[in-house]
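This note is offered to a colleague who meets the structure here. The points below take up the sheet, the ligand, the domains and one helix residue in turn.

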Amino acid sequence: MRTYAEVAEYTCDAGRALSWDFMGRPSDIIVVGAGIVGCAVAYELACRGASVEIVDERPVGMGATQASAGVLAPYIEAREGSPLLDLTVRSLGLFDHFMERVSADSGVTVPYHRTGTLDIATTDDELRALRTTAEVLARRDVPALLLDAQAVRAEEPQLGDVAIGGLLIGSHGFVAAGELTRALVIAARRRGAQLIEQSRVRRISRLHGDMIVHTDRGSLTSNAVVLAAGSWSGKIAIDGVSATVPVRPVRGQLLYLGWTGTPLRRVTWSGRCYLVPWDDGTLLVGATVEEAGFDERTTVAGVSELLEAVCGIVPHARDAGFRSARVGLRPATADDLPVIGPSTAIPNLMYATGHYRNGVLLAPLTAQLVADAMLDNRIDPQLDSVSPARFGGL
Ligand SMILES: Cc1cc2nc3c(=O)[nH]c(=O)nc-3n(C[C@H](O)[C@H](O)[C@H](O)COP(=O)(O)OP(=O)(O)OC[C@H]3O[C@@H](n4cnc5c(N)ncnc54)[C@H](O)[C@@H]3O)c2cc1C
């Protein structure tokens, strides 16, 4: 039986008081959402000794995560000056060790490659943008190569003659997001975590200091809750929190093509689409960016846009087989930054959502920041830029 003899108060850098309403650290925690973010958080919490339950209405990784291209490319995704760049670069730096740990703890080898990205320019404007990025990378001492048209084709012979230049960034990579998420669950379960599937969370409330998670199959009780429900996070009512977390779905469709002949060497990026060459011979072509509400359909318009784009930069794509199209809802916020950190409205609620285009890349860092805050009372200064407090009474 737990006792709540005192309310421990911690203060984060921005000066907001946040409270964990129990002695010391929470011993049992419910994570709502079994996407890459929820599973990474659950794994980290379980590794550090917490008793964890992961609740989801779908099978593991079947939200946005199953559609993710798994590209790990902070210097393409984030701009200099944005907090997103620091967050994504830091998370990329954690990836090698994170993958080693997950592999050792789960016994699963997840496809993961750090073969770099080749970002190509097909217009003068795009070439200027690549030069600017190359200057930023030089200032940061990040190895990168600015290539002319001839060097681009030498680097990636599959490209047609549309590229007038390119930027090769060797530290980037890609990972199989679905397989990683399933491996995280295996690893977390080996550390004692429990997975509760087919349970839709309707509401979160508090009773005598306990957190109650109301699902359509009954109620669960814990010390603390992590809300990691991706695009659906705002649909869960939370007693005592007047605002809903402002995450909106941004639809992304992508294709899997059965490649014939020599595969592409690495992730290849253009203004119209990006390409990921998988070990099994498929080529992933991503991705549309659509405001379509919660509509999780692939569409003729989305598929044809991507087919046209890939054939425009890699002519040999016309010979590829059509394997499948996938779709997912990226959890976006108004400032394109995730929402990570403790609620400022009620105790014992932690947010880990809104990761938009970079949930896979940001998973190791999110897990670390959440576990540091919940279990070791360490509020990382980088949580300031992603705090739920920036959206009011969350
Ligand atoms: C086409 C596409 C390409 C992408 N490419 C990349 C990429 O290359 N690199 C990268 O880093 N990121 C990429 N992303 C983004 C990345 O996939 C997301 O940021 C990430 O998957 C978000 O993970 P999540 O765990 O927060 O959400 P999700 O994976 O959506 O998981 C949320 C989970 O919560 C569950 N849930 C929701 N509501 C409830 C409820 N009420 N009760 C119970 N369970 C609930 C859902 O069922 C779901 O399983 C891409 C996304 C898309 C769509």
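1. In S13, which residue is the bridge partner of Val 201? The partner is Thr 215. The model is a predicted one, in which local features need pLDDT of at least 70 and side-chain atom pairs count only at pLDDT 80 or more, while totals for chains, interfaces and linings use all residues. Residues are numbered from 1 along each chain as its sequence is written, and side-chain values use heavy atoms, with hydrogens and water left out.

2. Strand S12 (residues 201-207) and strand S13 (residues 210-215) run antiparallel and are joined by six bridges. Strands here are DSSP runs of type E with at least two residues, and helices are runs of H or I with at least four, both numbered from the N terminus; two strands pair if DSSP finds at least two bridges between them. An open sheet of four strands follows the order S14-S13-S12-S16, with mixed pairing. Strand S14 (218-222) and strand S16 (237-238) stand at its edges with a single partner strand each, so one side of each has no neighbour in the sheet.

3. Val 201 is also among the closest of the 37 residues that surround the ligand, together with Asp 56, Thr 65, Val 71 and Tyr 356; a residue counts as near if one of its heavy atoms lies within 4 Å. This shell divides into 18 nonpolar, 13 polar and six charged residues. In that division, Ala, Val, Leu, Ile, Met, Phe, Trp, Tyr, Cys and Pro are nonpolar, Asp, Glu, Lys and Arg are charged, and the others, Gly among them, are polar.

4. An oxygen atom of the ligand lies 2.6 Å from an N or O atom in the side chain of Thr 65. A ligand oxygen atom is also 3.0 Å from a polar backbone atom of Gly 359.

5. The domain bounds, which come from an automatic or database assignment, give domain 1 (8-66 + 178-247 + 335-391), domain 2 (117-155 + 163-170) and domain 3 (248-332). Domain 1 and domain 3 both give residues to the shell around the ligand, so the ligand lies between them. Their C-alpha centres are 30 Å apart.

6. Glu 155 belongs to helix H5 (residues 149-155). A polar contact (a pair of N or O atoms within 3.5 Å; within protein, one able to donate a hydrogen and the other to accept it, with residues adjacent in sequence counting only if both atoms are side-chain atoms) of 3.1 Å joins the side chains of Glu 155 and Arg 266.
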